[in-house]
Amino acid sequence: MTDNVLAPLAANSIYGGLVSAQGLELDHFEAIKTPVHAWRTDAGSGVKFVEARGLPIVDVKLRFKAGTALSDPPSLAALTLYMLDEGSQRIDAIEHAERLERLGTVVERQIRREHTTLSLRSLSAQALLDPAIDLFTELVAKPAFHNAMLEKIKRQLVLHEASRASLSVLRARSEAYHHLFSGHPYGHPQGSTEQALDAVTTDDLKAFHQRAYSANNLEMVIVGDLSRREAQGIAQRISQALPQGWAAADLPAAPETTGTTINVEQAGASNTILLALPMNVPANNPEFLALVLASEVLGSGLDSRLMKELRQRRGLTYGVHTQLVPLSAGGLFAIEWEIAPQHVTGSQDLVAKVLGDFIHQGPTEAELQLARQQLAGQLLRDVAQNNSLATLLTQNTHQRQPDDHLNTYIDRLTTLTPEAVREVMQRRVDLTRKVLVSVGPRVDQQPLPAIDQ
């Protein structure tokens, strides 16, 4: 941060459009009342349930601590997850898929650094839901792990990683994680090399599945058209069918790192830029919500500060956005944008200045009120849809949020003042530790265009 005394924000024409909230009806927020029932199964699985009778649909989400940061090599976690689609010990993959399709059931899967998630969406009629739960449970709890299927999945992952390698945004993120989490499991590439894939055997998959897909390594969310008693029955069926008696250990704390600039030369018409900062604030820490509001003001929507500076005032990019990534052993705050190759350095300096000014001055009340309205509106939309509500509950459980998190979220937003947001940013953000990554063609740099041109 600079030590210079900056002009008061109210007198700064850059953000004049949001200096005053007068005339904006942003002070009324609809209350959210979503009863969340929580319990643990006999086998130790945590469960959250919301009864939602509006549609005849049930969503079930299973989140295991079985992500790439929790397997060695990281490709073991990915292979295990994708092999779950390749048939169970009783039914082959084709018949499994056909039965799910006849029931109108949708099954999805996702892998991240800390977890894997498997999702089921089914109609709630018992004649359809019961066999859907049985098939889903069999898929998760009793996979076949045939060697021939493993070789097929390995080939698919090699092709998938080859297509991802050309995506500049993924390369930029990988470089940032590698530096910020050097020597830590988070710093390992999420992708899989052909050599690492070749080394994994079906015995490795079975051993990892027996540990990581155990009942007490699972958090389950159920949302939909059923009673709590029915939800308890579903949770118990799934939990009892899984391997028993193992839970992932906590990851070590993220290391302390210094700032750096990384330039990766890659062919293309533009450069992807990422500014990343370590942000070791757990999502259930009371200060995290101030960081959420700060991120919203800085880089969410057309009225955000960064969009005003980079797009509206200078026409440098189509979009710039911020993201908070809370992880159990660390985390980061990131800003991403695309830029013409000749403006890489200039745009990096500009974004760092906007961020530095924000840290020094904080948001205006009008900016904060608009951010509150945007976040409250998004939450209201999410809780109105079963699938997105289930996703929210799954995320909140992983982040160890209290059971009343959704119902108190908007009230907690309204209590945060510009001064509180500024104070948290000043204590939690250290610009000397920023990591700047650019991926794209390398050309001679030029000054940024004049404002409003």
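Which residue follows α9 with a positive phi? Select G301: this residue comes after α9, and its phi is near 95°. Keep that spot in view, as the tour returns to α9 later.

Before moving on, a word on what is loaded. This is a predicted model, in which local features need pLDDT of at least 70 and side-chain atom pairs count only at pLDDT 80 or more, while totals for chains, interfaces and linings use all residues. Residues are numbered from 1 along each chain as its sequence is written, and side-chain values use heavy atoms, with hydrogens and water left out. Helices (H or I, at least four residues) and strands (E, at least two) are DSSP runs, numbered from the N terminus.

**Stop 1: the six-stranded sheet**

Start with K33, in the segment before β1. K33 has a relative accessible area of 76% and is exposed (buried means under 20% relative accessible area, exposed over 50%, partly exposed in between, with a 1.4 Å probe and protein chains only). Now add V383 to the selection: it is 350 residues away from K33 along the chain, yet the two C-alpha atoms are separated by 9.6 Å.

Next, colour the strands β1-β2-β6-β3-β5-β4, which is their order in an open sheet of 6 strands with mixed pairing. Two strands pair here if DSSP finds at least two bridges between them. The edges are β1 (37–40) and β4 (106–111); each has a single partner strand, so one side of each lacks a neighbour in the sheet. On average, neighbouring strands of this sheet are turned by 15° against each other, direction ignored.

Select β2 (residues 46–51) and β6 (residues 218–224): they run parallel and are joined by 6 bridges. For one bridge to inspect, pick V50, whose partner in β6 is V223. Then show helix α3 (residues 126–141), which packs on the sheet and touches β3 (57–64), β4 and β5 (116–123). The direction of α3 makes about 160° with that of β5; axes are lines fitted to C-alpha atoms, for helices over the stretch in contact, and angles run from 0 to 180 degrees between N-to-C directions.

Stay with β4 and β5, an antiparallel pair with 6 bridges. They form a hairpin with 4 residues between them, and I111 has T116 as its bridge partner in β5.

**Stop 2: three backbone oddities**

Most residues other than glycine have a negative phi, and most peptide bonds are trans. Here are some exceptions to click on.

- D72 to P73: this peptide bond is cis, with omega near 0°. P73 is in the loop between β3 and α1 (74–83).
- F145: its phi is positive, about 55°, although it is not a glycine. F145 sits in the loop between α3 and α4 (147–165) and counts as buried at 6% relative accessibility.
- R400: another residue that is not a glycine, with a positive phi of about 60°. R400 is in the loop between α13 (386–398) and α14 (405–415), and at 57% relative accessibility counts as exposed.

**Stop 3: the five-stranded sheet**

Select β7-β11-β8-β10-β9, the strand order of an open sheet of 5 strands with mixed pairing. At the edges stand β7 (260–265) and β9 (320–327), each with a single partner strand, so one side of each has no neighbour in the sheet.

Zoom in on β9 and β10 (residues 330–339), which pair in the antiparallel sense over 8 bridges. H321 has E336 of β10 as its bridge partner. Helix α10 (residues 305–312) lies across both strands, running at about 145° to β9.

**Stop 4: back to α9, and on to α15**

Is helix α9 (residues 288–299) enclosed or open to the outside? Of its 12 residues, 12 are buried, so α9 is largely enclosed by the rest of the structure. Among the buried residues are F288, S295 and E296.

Add α15 (residues 418–428). The axes of α9 and α15 are 9 Å apart and pack at about 95°, and the two helices are therefore roughly perpendicular (65 to 115 degrees). Show A290, L291, L293, A294 and L298 of α9 with V421, V424, M425 and R428 of α15, which make the contact (heavy atoms within 4.5 Å).

Finish with α11 (residues 344–361), whose axis comes within 7 Å of that of α15, crossing at roughly 120°. That makes α11 oblique to α15 (oblique covers angles that are not under 35 degrees, over 145, or 65 to 115). On the α11 side, the contact includes L355 and F358, and on the α15 side V421 and M425.
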